[in-house]
Amino acid sequence: MSLTIQTIYGTLDEKQLKELKGAISEANEMMYQVDQKKRMLKEIIDIASDNSKIPKKILNKIAKTQYKQSLQEEVAEF
C-alpha cells in the first residue's frame, strides 16, 4: 500500500512527496546561504564605509553598478 496525498493541486504519490520534500529542503538550504551571504556583504560594506568614510549607501550603489556592469545607465540617470 503506497501513500498518496490529495491536495487542491492534484494527487501526490509517495515518490512525488519525497521529491517535493527534497526540493523544499534544498530551497530552504539555499535561502539560508543567501541570508549568510547578505550578512557578509553588509559586514564588508560596513567595514569599507568605516575605513573610507564613504557612506554605505554610496558603496552599495558602486558595488551594485560594478556587479551589473551598468555604469552607462547610472551616469545617464544621474
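Here are some short exercises on this predicted model, each with a worked solution.

Residues are numbered from 1 along each chain as its sequence is written, and side-chain values use heavy atoms, with hydrogens and water left out. As the model is predicted, local features need pLDDT of at least 70 and side-chain atom pairs count only at pLDDT 80 or more, while totals for chains, interfaces and linings use all residues.

**Exercise 1. The overall fold**

Work out how many helices and strands the chain has, and what pattern they follow along the sequence.

Solution. Start with the count: the chain holds 3 helices and 2 strands. Both kinds of element are DSSP runs numbered from the N terminus, with helices being H or I of at least four residues and strands being E of at least two. Next, read along the sequence, and the pattern is β-β-α-α-α.

**Exercise 2. Dimensions and surface**

Compare the chain's radius of gyration with that of a compact globule of 78 residues.

Solution. First, take the radius over C-alpha atoms; the globule rule is 2.2 Å times the number of residues to the power 0.38. A compact globule of 78 residues would come out near 12 Å, but the chain has 22 Å. Then look at the box that the C-alpha atoms fill along the principal axes: roughly 65 × 30 × 20 Å. Finally, turn to the surface. The accessible area is about 7,500 Å², with 60% belonging to carbon and sulfur atoms; areas come from the Shrake-Rupley method with a 1.4 Å probe, and for residues only the protein chains shown count as cover. Buried residues make up 9% of the 78 residues, where buried means under 20% relative accessible area, exposed over 50%, and partly exposed in between (1.4 Å probe, protein chains only).

**Exercise 3. Two buried residues**

Find out which residues Leu17 and Thr65 touch, leaving aside neighbours within four places in sequence.

Solution. Begin with Leu17 in helix H1 (residues 14–52). Leu17 counts as buried because its relative accessibility is 13%. Its contacts (heavy atoms within 4.5 Å) are Leu3, Ile5 and Leu12. Leu17 and Thr4 lie 13 residues apart in sequence, with 8.2 Å between their C-alpha atoms.

Now move to Thr65 in helix H2 (residues 56–68). With 11% relative accessibility, Thr65 is therefore buried too. The contacts of Thr65 are Ser70, Leu71 and Glu74.

**Exercise 4. A salt-bridge network**

Trace the salt bridges that involve Asp46, and say which residues they join.

Solution. Side chains of opposite charge can pair when their charged atoms come close. Here a salt bridge is a side-chain nitrogen of Lys or Arg within 4 Å of a carboxyl oxygen of Asp or Glu, and the whole structure has 2 of them.

Step one: Lys42 pairs with Asp46, their closest N and O atoms being 2.8 Å apart. Both residues lie in helix H1, 4 residues apart, about one turn of the helix. Lys42 is exposed at 53% relative accessibility, whereas Asp46 is buried at 18%.

Step two: the side chains of Lys56 and Asp46 meet at 3.2 Å, N to O, in a salt bridge. This pair links distant parts of the chain, with Lys56 in helix H2 and Asp46 in helix H1, 10 residues apart. Lys56 is partly exposed, at 39% relative accessibility.

Step three: put the shared partners together, and Lys42, Asp46 and Lys56 form one network.
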